[in-house]
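Subject: Structure for you to look at

Dear colleague,

I am passing on the structure we spoke about, and I would be glad if you could look through it with the notes below at hand.

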Amino acid sequence: EFRGPPQTAAAHRRSVTQEAIHLIETALNAESSTQKSTSEGYWTNRKLLPEFEAALKAGAFSGGTDSAIEISGERSAR
């Protein structure tokens, strides 16, 4: 039998808002523990665009350059 949020919240003696927060926290904790167990998360394994990868290898973004300036320059080049 399907139990919707109000019934589930009542069964756990929580308000619907408290139940929603609990479910979100549970999902985030599960995602976090999955990433920790693989030793490398999404951001470590992501595939970079070739242009961005070349810029990183050339030392871009390592000197504290303001990203807004970089984006503005890229847009102007188009």
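What follows is a short account of what was found, going from the whole chain to a pocket, a surface patch and a few single residues.

Please keep in mind that this is a predicted model, and that the values below were computed from it.

The chain contains five helices and zero strands, so that reading along the sequence gives the pattern α-α-α-α-α. Of its 78 residues, 4% are buried. The accessible surface of the chain amounts to about 7,000 Å², and carbon and sulfur atoms account for 56% of that area.

The largest pocket has a volume of about 220 Å³, and its lining is made up of Leu49, Glu51, Phe52, Ala55, Ala60, Phe61, Ser67, Glu70, Ile71 and Glu74. Helix 4 and helix 5, the latter covering residues 67-77, each contribute at least two residues to this lining, with helix 5 giving the most, namely four residues. Sorted by class, the lining holds six nonpolar residues, three charged residues and one polar residue.

A nonpolar patch on the surface is formed by Leu49, Phe52, Leu56 and Phe61, which together have about 370 Å² of accessible area. Leu49, Phe52 and Phe61 also appear among the residues that line the largest pocket. As for Leu56, this residue sits in helix 4, which spans residues 50-57, and it counts as partly exposed because its relative accessibility is 36%, a value that falls between the cut-offs of 20% for buried and 50% for exposed.

Two residues from the earlier part of the sequence may be worth a look on your screen. Arg13 is found in the loop between helix 1 (5-11) and helix 2 (16-37), and although Arg13 is not a glycine, it has a positive phi of about 55°. Arg13 is classed as exposed because its relative accessible area is 80%, where the class begins over 50%.

His22, by contrast, lies within helix 2, and with a relative accessible area of 30% it is partly exposed. In sequence His22 and Ala9 are 13 residues apart, while in space the distance between them, taken from C-alpha to C-alpha, is 9.8 Å.

With best wishes

How values were computed
Residues numbered from 1 in each chain as written. Predicted model: local features only at pLDDT ≥ 70, side-chain atom pairs only at ≥ 80, totals over all residues. Heavy atoms only, no water. Patch = residues over 30% accessible without salt bridge, like charges linked within 9 Å, V, L, I, M, F, W, Y side chains within 5 Å. Areas by Shrake-Rupley, 256 points an atom, 1.4 Å probe, with all protein chains shown as cover. Salt bridge = Lys/Arg side-chain N within 4 Å of Asp/Glu carboxyl O. Buried < 20%, exposed > 50% of the residue type's maximum accessible area, 1.4 Å probe, protein only. 1 Å grid on protein atoms, 1.4 Å probe; cavity = no way out; pocket = protein on both sides within 12 Å on 5 of 7 lines; lining within 4 Å. Points joined across faces, edges and corners; volume = space filled by probe spheres on them. Nonpolar A, V, L, I, M, F, W, Y, C, P; charged D, E, K, R; others polar.
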